[in-house]
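Here is a short tour to read with the model open beside you. Keep the sequence handy as we go from the overall fold to single residues.

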Amino acid sequence: MSAAPTQGAVCFFKTGENGWVLGSVVSCDPKDTFTCESTKGGTQGAGDEKLSKLKADDVFVMSNTELLDQCPDDLLQLTLLHDSTLMHALNKRYFQDTIYTFIGPIVVAFNPFKYTIPWYMDDKM
């Protein structure tokens, strides 16, 4: 459960195209809807987005922003388990060319179609 969204709070918000995007709450409307804006460089691969009329279920406030730096090999080691934090960690690992990520005994493998990953070079095979 995240804290109630307040203006200026760091959050993830749900978008139609990019899933959960890192940003901040720009405004809170009296009808319990929120306007959020993406943070530059927050979610790699996502463009600049600003969405309004978001419901509270579509906004996940990060009360401890230090947790955004977590990028463990096993996502069960994340301090805060939520769709947004899982996707943020996977996004970071993908853009670091880290193909394999564990979720307990399950292995998630991303193929970034980059053939410069050291253990897949011709001289290593």
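Helices (H or I, at least four residues) and strands (E, at least two) are DSSP runs, numbered from the N terminus. With that in hand, threonine 101 can be placed in strand β6, and the protein as a whole has one helix and seven strands. This is a predicted model, in which local features need pLDDT of at least 70 and side-chain atom pairs count only at pLDDT 80 or more, while totals for chains, interfaces and linings use all residues. Residues are numbered from 1 along each chain as its sequence is written, and side-chain values use heavy atoms, with hydrogens and water left out.

**Overall picture**

- Reading from the N terminus, the elements follow the order β-β-β-β-β-α-β-β.
- The protein has 125 residues, and 33% of them count as buried; here buried means under 20% relative accessible area, exposed over 50%, and partly exposed in between (1.4 Å probe, protein chains only).
- About 8,000 Å² of the protein is exposed, and carbon and sulfur atoms supply 54% of that area; accessible areas come from the Shrake-Rupley method with a 1.4 Å probe, and for residues only the protein chains shown count as cover.
- Among contacts with a separation of 6 or more, 37% are between residues 24 or more positions apart, where contact means heavy atoms within 4.5 Å.

**Confidence**

- The mean pLDDT is 84, and 85% of the residues reach 70 or more; pLDDT is the predictor's confidence in each residue, from 0 to 100.
- Among the elements, β5 has the highest mean pLDDT (93) and β4 the lowest (86).
- Where pLDDT is low, the predicted coordinates should not be read in detail.

**The helix and its cover**

- Helix α1 spans residues 83-95, 13 residues in total, and reaches 18 Å from its first C-alpha to its last.
- That reach is close to the 18 Å expected at 1.5 Å a residue, the expected span being 1.5 Å times one less than the number of residues.
- Which residues of α1 are buried? They are Ser84, Thr85, His88, Ala89, Leu90, Asn91, Lys92 and Arg93.
- The cover over these buried residues includes β1 (10-15), β2 (19-28), β5 (59-61) and β6.

**The salt bridge**

- The structure holds one salt bridge, defined as a side-chain nitrogen of Lys or Arg within 4 Å of a carboxyl oxygen of Asp or Glu.
- Its partners are the side chains of arginine 93 and aspartate 73, at 3.2 Å from N to O.
- Arginine 93 belongs to helix α1 and aspartate 73 to the loop between β5 and α1, so the pair ties together parts that are 20 residues apart in sequence.
- Arginine 93 counts as buried because its relative accessibility is 4%, whereas aspartate 73 is exposed at 53%.

**Strand β6 and a surface patch**

- Threonine 101 has a relative accessible area of 0%, so it is buried.
- Beyond its neighbours within four places in sequence, threonine 101 is in contact with Asp73, Leu75, Leu90, Arg93, Ile106, Val107 and Val108.
- The C-alpha atoms of threonine 101 and aspartate 74 are separated by 6.1 Å, although the two residues are 27 residues apart along the chain.
- Tyrosine 100 also has its place in β6, which covers residues 100-103, and it counts as partly exposed because its relative accessibility is 38%.
- Tyr100, Phe102 and Val107 form a nonpolar surface patch with about 270 Å² of accessible area together.
- Patches are made of residues with over 30% relative accessible area and no salt bridge; like charges are joined within 9 Å, and nonpolar side chains (Val, Leu, Ile, Met, Phe, Trp, Tyr) within 5 Å.

**Valine 26 in strand β2**

- Valine 26 is located in strand β2 and is partly exposed, with a relative accessible area of 26%.
- Setting aside neighbours within four places in sequence, valine 26 is in contact with Gln7, Thr35, Cys36, Glu37 and Lys50.

**Positive phi angles**

- Where is aspartate 32 found? Its place is the loop between β2 and β3 (34-38), and its phi is positive, about 55°, although it is not a glycine.
- Aspartate 32 counts as exposed because its relative accessibility is 58%.
- Lysine 53 lies in strand β4 (residues 50-54) and has a positive phi near 60°.
- With 68% relative accessibility, lysine 53 counts as exposed.
- Aspartate 97, just after α1, takes a positive phi of about 60°.
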